[in-house]
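Please look over the chain shown here, with attention to its surface, its interior and an annotated position. The report that follows takes these topics in turn.

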Amino acid sequence: MDIPIWLILALLCIILLYIYSQHPYKLWKALQVKGPEPKIFFGNIHEIFGPCGGKETFAKWQSRFGRVYGIYYFREPALVVTEPDWIKQVFIKDYNNFRDRMAFENNILLNPELNTALFFARGDDWKRVRAIMSPSFSIAKIKGMSETVNRCAKRLGEHLLKFAEDGVPWQAKRMLGAYAIDVITSSGFSIDVDSISNPDEPFSSHGRSLFVFKESFKIITFLASAFPVVMSPISKMLRIWTFRNDDMEFFEKSIKLLMRQRKTDKNDIYDILQNLMEAESEESPEGCKSKLTSDEIVAQGIMMFIAGYETASSTLQFLLYELATRKDVMKKITDEIDDVIGDQEPTYELCQNLKYTEAAINETLRMYPPLSVLTRECSKPTKLFHLNLPSKTAVIIPVYNLQRDPEFWKNPNEFNPERFIEGSPSYRPYNPLTFMPFGIGPRLCIGMLLGLLEMKLALVHIFKRVSITKATPEVLLLNDFTMVLQPSTPIKVYCTPRIKKKQDS
């Protein structure tokens, strides 16, 4: 009996599909590494992005498999680590082999404008871009930006005072995001957009929408990572990327316009953009380790908006939310601001003396890290302790879980800034490898110092003028689908004008 050719082809396709689906899931058993059983095509990602979310899933896996175990991000093996010695080996000691972040199927959904951005850049490209950008974020340069950041923070405080006087609650992410945009545009690009007074100003509205993802994006991410060969050409053809195309186009056009104006006007402007432009070369950077192409400069500019907007605005909104129920902590912050700053204009040097305020920021970063997960990827076959890892094996650090681990932090779900105050009853020396909200090692966040100054100045000008009375929702639920923590329901803050203590006559 003749077998129809279509049936032979169908069986062949099924066999090839089965081989394709099973092929990646052999590594951890071969290395005798424990971990959850993967599902074909999806690995273990369906649990991380399932109803429980990544935070609960990583906690469940750690209780079952310990501090080092293997999972599969779709078809890619990843070693999950919450053991400090292993973190140190990956992020510091053996950094040269783990320099790059994990690239999910070569980042096929990453907007082309961001391929060379510092956060996503890889290998020698990252090393070159980092070396060029680092001087723009030195302590001396941050001090030079402090007056500009202070002006933005003062505007924020005055605006929130109006809300307090009118008895009107305000949406935390919207207002604090507008403040973050003002800081980026003024310190990075020397333009004053005043997003705080006009939250619908284009820089602010496009900044807000960067991290607003539709449910359909979750489905697209699953399909792209599970079937990269099929989805890669489709995403390019249909321009399906992580960030919205109109947001990318707006920031790209705005930065290119600024660059053209500066080349024409030749003004004496010294900001982050100007520092990058001084390293510009029209030629390929190959063989020239101190130059950037114009497209690379644009990529860094867009990345400043993405990283600068999210980190500061999210941390501040979570901090204000916690202070709504911790009036004792708010009073200590307010009293410290009165004692250290008083009626002076806050400077970089004065802000360094806000020790309790800084502790409150650190505690917020511990409980609500800007990225709930950090990743690295080995660039070549690497021996990590007793494990021989193939090239491109990922290492994943669930930072949220690490920083709320009861083995490392006493009462980890309690908001207690004094755990960071040496000499206080709550202080316990902590392993720095268990507190890494900005990363750790050579790839530490380049904007950390600017971000901390930005948050301190915001708190100074807020608490000079208002006191927080309430914040909603009553129960805060967190969404971590994108690894960026977001409240499921927007946080609203209620304030009253602050009644200052009478000075002694």
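## Helix H1 and a surface patch

Leucine 9 belongs to helix H1, which spans residues 5–22, in what is a predicted model. The relative accessible area of leucine 9 is 48%, and this residue is classed as partly exposed because that value falls between the 20% and 50% limits. Together with Ile5 and Leu12, Leu9 makes up a nonpolar patch on the surface, and the three residues share about 300 Å² of accessible area.

## Nonpolar cores

In soluble globular proteins, nonpolar side chains tend to be buried together. Here the largest nonpolar core holds 108 residues, and those that touch the most other members are Trp170, Tyr179, Ile306, Leu320, Leu323, Phe463 and Ile468. Helix H14 (residues 294–323) supplies the largest share of this core, with 16 residues. A second core, separate from that one, has 24 residues, among them Val33, Phe91, Val395 and Val399.

For tyrosine 179, when neighbours within four places in sequence are left aside, the contacts are Val149, Cys152, Ala153, Leu156, Ile196, Leu316, Glu454, Leu457 and Ala458.

## The annotated cysteine

An unreviewed UniProt entry places the feature "binding site" at Cys445. In the model, cysteine 445 sits in the loop that runs between helix H18 (399–402) and helix H19 (448–463). Cysteine 445 has a relative accessible area of 34% and is therefore partly exposed. When residues up to four places away in sequence are not counted, cysteine 445 touches Arg130 and Phe438.

Methods: Residues are numbered from 1 along each chain as its sequence is written. This is a predicted model: local features need pLDDT of at least 70, side-chain atom pairs count only at pLDDT 80 or more; totals for chains, interfaces and linings use all residues. Side-chain values use heavy atoms; hydrogens and water are left out. Patches are made of residues with over 30% relative accessible area and no salt bridge: like charges are joined within 9 Å, nonpolar side chains (Val, Leu, Ile, Met, Phe, Trp, Tyr) within 5 Å. Accessible areas come from the Shrake-Rupley method with a 1.4 Å probe; for residues, only the protein chains shown count as cover. A salt bridge is a side-chain nitrogen of Lys or Arg within 4 Å of a carboxyl oxygen of Asp or Glu. Helices (H or I, at least four residues) and strands (E, at least two) are DSSP runs, numbered from the N terminus. Buried means under 20% relative accessible area, exposed over 50%, partly exposed in between (1.4 Å probe, protein chains only). A nonpolar core is a set of buried Ala, Val, Leu, Ile, Met, Phe, Trp, Tyr and Cys residues joined through side-chain atoms within 4.5 Å. Contact means heavy atoms within 4.5 Å. UniProt positions are given in the numbering used here, feature names are shortened, and annotations may be inferred rather than shown by experiment.
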